[in-house]
Amino acid sequence: MTTLVRVLVVSLLVVTPRLVGGQQAPAVPVNGSPDAPIHVGRIDVGVNASIPAGTFVVTNESLRDLDRKDLGQAVELLSGVSLRRLGPRNETELFLRGFDLRQVPVLIDGFPVYVPYDGHIDLGRFLTAGVGEIRVSKGVTSVLYGPNALGGAINVVSAQPTRTLQGLLGASAGSGSEALGEINVGSRRNRWWGSTSMSWRQSRTFPLAADFAATPAQPAGDRLNASNRDTQIRARAGYTSARGWQAAAGYSALRDRKDSPPYAGADPAVRLRYWQWPRWDKNDVWVMTNVTLGSSGYARARAWRDTFDNALHSYDNATYTSQRLASSFKSIYDDHTTGGSVEWGQAFPAGVTTRAALQARQDVHREFNVGEPVRQFEDRIYSGGGEIAWSASRFVALVAVGGDHLDTRQAQDFQQGVVRPFALADTGGFNPQGSIAFQVSSDARLHALVSRKTRLPAMKDRFSYRMGQALPNPELRAEYGTTIEAGYSGRLGRRLTVSGTVFRTRVDNLVQRFFIRSNLFQFRNIGEASHSGVELTATWRPSSKVKAEGLYNFLERRNLSDPAVPLLDTPSHRAVITGTWTPTGRVQLVTGVSHESSRPTQTDAGRNVTLAPWTRVDVKGSVRVGRGVSLDVSMGNVTDRLITLAEGFPDAGRTWRSGLRWEF
């Protein structure tokens, strides 16, 4: 309870700031004017909608131009990110500065989205239809993002209507019998606004690269057991009064199914899995309200409920019809999260800006295999704190303090046909942060920061047997990382904008495997690690018809507690360059080149291997064929390069897609 008390005290005593271009940002998160766009999903935004220091943004325009149809594809455009495939589960995850999604929360319109038991989410299931922008926050991360932001946070913000009627209709087809459709409609009239979107995607398979070496479980050509069907519905509505009071509500639903392709690698010790997910469904509903306090303050309240309904079927063989072996099963997840938060912010004289927040949520996980009793797990998580910023001349100084607390309320074990309670334990962490920014000129800024942030262990970390390979450890404590960072951003001449950041994070209490004997381990807080790196970005606009953007990331991860054991699944070097040429108002050509160096990883049997480096080229052309109507044609992995992000689970080779889009 001491950590919980600390969270509550900090929330009452300390309050938060915002840094925008090195200047003090207004504390009011919405504008009362009926003519101003509304951004209910942004966490770090003031009345001028400026982008805070340390926040990297991918716009809807970039997602459309580069043909990114789901969040897994979209986050590749973010600085500091590298993708990861969880091959046997057919999931797309990410690393941000070497931290995975358990340490980097993903939010949609400011509300956390994850599987309570696992602590992360499959980014490939979320389509980008209706997305206005994606924001990644690193270094100092606002307490408004909630717990587990050890490595940063990613917020997906829905597009907001700005006209009486606007919308988009789109349809396309592509490789692997892929079909996509999208409908977005929005309206803003007087002080009311609303938007809705529906999107769907289905495919039967995807082509493998020509140089893929066939295996007994996977011939050359099309990938086996690789079909998927994703349907997504989103609806949002809101009202803003003349005095700036605002209310909004939203609902989203995912109705998905997916298959997991068989292992296609060279390790004979890997056991083939024949898995399919006939159901991967999520529902989210939320409400929020803002009240303006005078001309420079606000109060905000949010509440949400997220449900997850999942079925995994494991079969005996590649016919996917028989379930007679002991390794076969039908596993059911029935999870939900219920949460709420309150915020307060105020700008004071003498350049002082403050904000405070408190968040509480309940995670419930229910699981069983068909024919077995239901087991239930429940966590209650509390997070709070605030920040205070002081702006004077060209300097902005920031101090932030927060805390997270995990209260384990229930956890049930199932052994030898009997359900018994696990031992219960609580944990938490204290999160101080600070930064200083100096405005060198009107378009150049230096910043430096130090922060300490926490990651609470997920239910799966503490209680999973990992299919007989692990022993649970209810006593796991929170990880924490201390980051030092310095950076510069500014304009070089009239046409070039650049930014650069160097950072180092030391992680303590890192959760790592401790092998009790061969093929049996337990997660323990025995690890110490460091993540160091450089991040560079540049945008060049030589003319109104040409734009080039690039990013480069260098990352070095070291296992300080056991240097002989590498930290896995991240490349040391990653670069992305995109070029856009618009020769006329009706034609646009886009080229993207991505490169990653080799990365260490493990096979599903635990053997250390190194994945080969790769370079991928993507191209897209768009032609406006009528008023608001465009014809799009794109090709991915033009050179048909064999790309593997998880050993034995190759990505697609050369693919194509074409479609029509009507914007009104």
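Start by colouring the chain by pLDDT. This is a predicted model, and the protein averages a pLDDT of 90, with 92% of the residues scoring at least 70. Confidence is highest in strand β30, residues 587-596, at a mean of 98, and lowest in strand β1, residues 19-20, at 26.

Next, select residues 1-38. Over this stretch pLDDT stays under 50, although the model has 136 contacts for it beyond four places in sequence. Then select residues 45-50, where pLDDT again stays under 50 and the model has 16 contacts beyond four places in sequence. Where pLDDT is low, the predicted coordinates should not be read in detail. Hide both stretches if they clutter the view.

Now show strands β3, β8, β9, β6 and β7. These 5 strands form an open sheet in the order β3-β8-β9-β6-β7, with mixed pairing. The edges are β3 (55-59) and β7 (111-112); each has a single partner strand, so one side of each is left without a neighbour in the sheet.

Stay at the β3 edge and select residues 131-137, which are strand β8. Strands β3 and β8 run antiparallel and are joined by 5 bridges. To find the register, pick Val57, which stands opposite Arg135 in β8.

From there, select Ile134. Which residues does Ile134 contact, leaving aside its neighbours within four places in sequence? Val57 is one of them, with Phe56 and Val58. Leu63, Leu71, Ala74 and Leu78 are also in contact with Ile134, as are Ile154, Asn155 and Val156.

Ile134 also belongs to the largest nonpolar core, which has 50 residues. Show Leu78, Leu94, Ile121, Leu123, Phe126, Ile134 and Ile154 as sticks: these touch the most other members of that core. Apart from it lies another core, of 8 residues; to locate this one, select Leu144, Ala153, Tyr298 and Ala357, which are among its members.

For the last stop, move along the chain to strands β27 (residues 520-543) and β28 (residues 546-559). They pair in the antiparallel sense over 13 bridges, and a hairpin of 2 residues joins β27 to β28. Pick Gly533 to see a matched position: Gly533 stands opposite Leu555 in β28.

Finally, add strand β29, residues 573-584. Strand β28 pairs with β29 as well, in the antiparallel sense and over 9 bridges. Here the pair to select is Lys547 and its bridge partner in β29, Thr580.

Note on methods: Residues are numbered from 1 along each chain as its sequence is written. This is a predicted model: local features need pLDDT of at least 70, side-chain atom pairs count only at pLDDT 80 or more; totals for chains, interfaces and linings use all residues. Side-chain values use heavy atoms; hydrogens and water are left out. Two strands pair if DSSP finds at least two bridges between them. Helices (H or I, at least four residues) and strands (E, at least two) are DSSP runs, numbered from the N terminus. A nonpolar core is a set of buried Ala, Val, Leu, Ile, Met, Phe, Trp, Tyr and Cys residues joined through side-chain atoms within 4.5 Å. Buried means under 20% relative accessible area, exposed over 50%, partly exposed in between (1.4 Å probe, protein chains only). Contact means heavy atoms within 4.5 Å. pLDDT is the predictor's confidence in each residue, from 0 to 100.
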